[in-house]
Amino acid sequence: MLGAEVVAGRSFLPEEDRAGSEPVVILSHRLWQSRFGGDPGVVGRAIALDNQYYRVVGVLPAGFQLLRWPDLWMPLGQYGDDLTEHVHHAFDAVARLKPGISLAQARDEVNRLNQQEAIRYPDAHKNFGVRVQTLQDPSAASLRNTLLVLFAAVGLVLLIACVNTANLLLVRNAAREREVAVRTALGASSGRLMRQLLTESTLLALLGGALGLLLAIGGLKVLLAFVPADLAVLQDSRLNGMVLAFTVAICIGTGLACGLLPAVRTVKTNLAGVLKQGSKGTSAAGHHRTHNLLVISEIAMALIPLIGAGLLLRSFQQMLEVDPGFRMDHILTMEIEQPALTFAQINQLSQEEQIKLGAKQAQQFERIATQIRALPGVTEVGGIDDLPLSNEFRQASRFVIEGQPLPAAGARPIVQFRTVSLSYFSTVGIPLRAGRLFTEDDSKLLNAVINVTMAERFWPHGDALGKRVNLCSLDPKPCWYTIIGIAGNVHQFGLDGQPTFDLYFTGGWTPYLVVRTALDPLGIAAAVREVVHKVEPNLPVTHVMTMDGLLSDSVSPRRFSAVLIGIFAVLALLLAAVGIYGVMSYAVSQRTQEIGLRMALGAPAGSVRGMILGQMLRLTMLGVGIGLAGSFVVARFLASLLFGVGTYDPATFLGVAVLLVAVAISASYIPARRAMRVDPIVALRYE
């Protein structure tokens, strides 16, 4: 259905998709390469998973990535879960639409089927809803807006480069006016001259494009090395035939666009005036106006990506200043997974048996934690089943509150629930705001600690302690948890995530070990791993990292976007500075006689410098004004990428405008100093 063909072995057989059949798995391409070295002989071999052997029957292709994290795939029927029961099943259905069927039609049909089931099974099927949406890579969806903004920034940089090239071609063609005039006088047609000039500009663009492709080969390798894991879709980026064709088309288009205006201005030059002026060209006022307009336009275009980059960088800075709700420093984390029970095994246990099992698993974890605390440099050890600042696994449930009106199923609030060890809060430094934290006896009871956000929302008068919430409101049997404490808020899904209702309980295995140290956390990782394997030799230890590293990973998509757009903004600024310098240098060279005459008549060198800088300041202010107007229009498209910063942040707009004015004046300063050194006698003799 998904169109994925195995690269080794075969896919699942129908008879393997049922309980009691031989356990089989298909390997992801990543696991096949990293664990088995890409050996095709692994097909048919048995591998041990959770103390049970599974036979490998196939390997998925490298490009297949339905989800980011799975390394193994197995038939659904092997779970032993009776999918015909009208209870909650933790599975997502994947389907392909028939030709001609829209997503809206499919959504209506599934909703109709759900309503029919609710009528047929009013007790078991009540409170269930459905959601139908297209299947897409979450990283691609989150990257869409960033790529659009980046594409706009690249386009502006290209336009600034085109303006610079047009300016250079205007200067070059001005020096060739006598040559063009002579060729025209000898019979060359305007069309032929246009073709020659456009061919030259196109060849220059193609040469620049070829150099750009060489730089892109190395640049792409560097870029992919810094791509965050959340943007894994970018790892498939390659330079292929389509990229080459697009590059050639852009080069030809920009070559023609850059050369058109200079070619037209050159062909339409007054021949008689050129021949009378001699080898210096006409330097008509129209040429200066054209240069000025081009300078204004590139300043305006440079301002837009600079403001965009400024907003993103300010947003990233604001996000880094957010309090995560716990102490990030000197924390080592690692994942230690126990063999998991199947859904069928869990369903066979009563609530009392599940509580006893959780208490037993909690004791197993505490035995490991006790020995880790004895290691030198370790100050505290805790555990949780899902680390904060994560972005993939969401353990959540709709809940109801005892004694409050029962809302409809779809309107019931959602709480994020986490299983923690007894010392988790003290290990990571989550403060207790009211009540108490867990003790060993709580692992045998249905007690819970909630966060401040949940307490303030549902018990605004401060009477949350002792109240009960049902986390199984969609199941036939309720599970009422008594609130014994209120802890501080924690960002569960990134620093830029929305506030969540959080509920913690204890009792059970907490796969994420959290170790607070007095020294470098990674320095004791090997010792911690050795202790774990000494107590439980068969438990795998994976995903060893620091909490600081986890924070860095959580902000990496925003950092990646800000850095990329910032690079193109700096490039736009440099191109604008180079263009301004070139135009002002040309303007000074064309006004050598005028400057010499002014100085001969007594004008001080400072006034000459002020004249050049004043001209540039006027052009810059016009460009900044136009650029600010354009930025106000473009900034609204950045709204979804910003955090803690307004779309029209005054500090960013003003700061970037001042920066651009300073750069423009600095780029004009060297030509202005050159104008001050003009020797009036030499200039007038030349005249």
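Here is a short conversation about confidence, one helix and some salt bridges in a predicted model.

Trainee: What does the chain average in pLDDT?
Mentor: Good place to start: local features here need pLDDT of at least 70, side-chain atom pairs count only at pLDDT 80 or more, and totals for chains, interfaces and linings use all residues. Residues are numbered from 1 along each chain as its sequence is written, and side-chain values use heavy atoms, without hydrogens and water. pLDDT is the predictor's confidence in each residue, from 0 to 100. At least 70 is scored by 89% of the residues, and the chain average is 83.

Trainee: At which residue does H6 bend?
Mentor: Helices are DSSP runs of H or I with at least four residues, numbered from the N terminus, and H6 covers residues 241–267. The bend is the angle between axes fitted to the seven residues ending at a residue and the seven starting there. In H6 that angle is about 35°, with Pro262 following within four residues of the bend, at Leu260.

Trainee: Which residue forms a salt bridge with Arg314?
Mentor: A salt bridge is a side-chain nitrogen of Lys or Arg within 4 Å of a carboxyl oxygen of Asp or Glu. Here the closest N and O atoms are 3.2 Å apart, and the partner of Arg314 is Asp649.

Trainee: How many residues apart in sequence are the parts that this pair ties together?
Mentor: Arg314 lies in helix H8 (residues 285–320). Asp649 is in the loop between helix H16 (605–634) and helix H17 (650–676), so the parts tied together are apart in sequence by 335 residues.

Conventions:
Helix = DSSP H or I, 4+ residues; strand = E, 2+ residues; numbered from the N terminus. Expected span 1.5 Å × (residues − 1).
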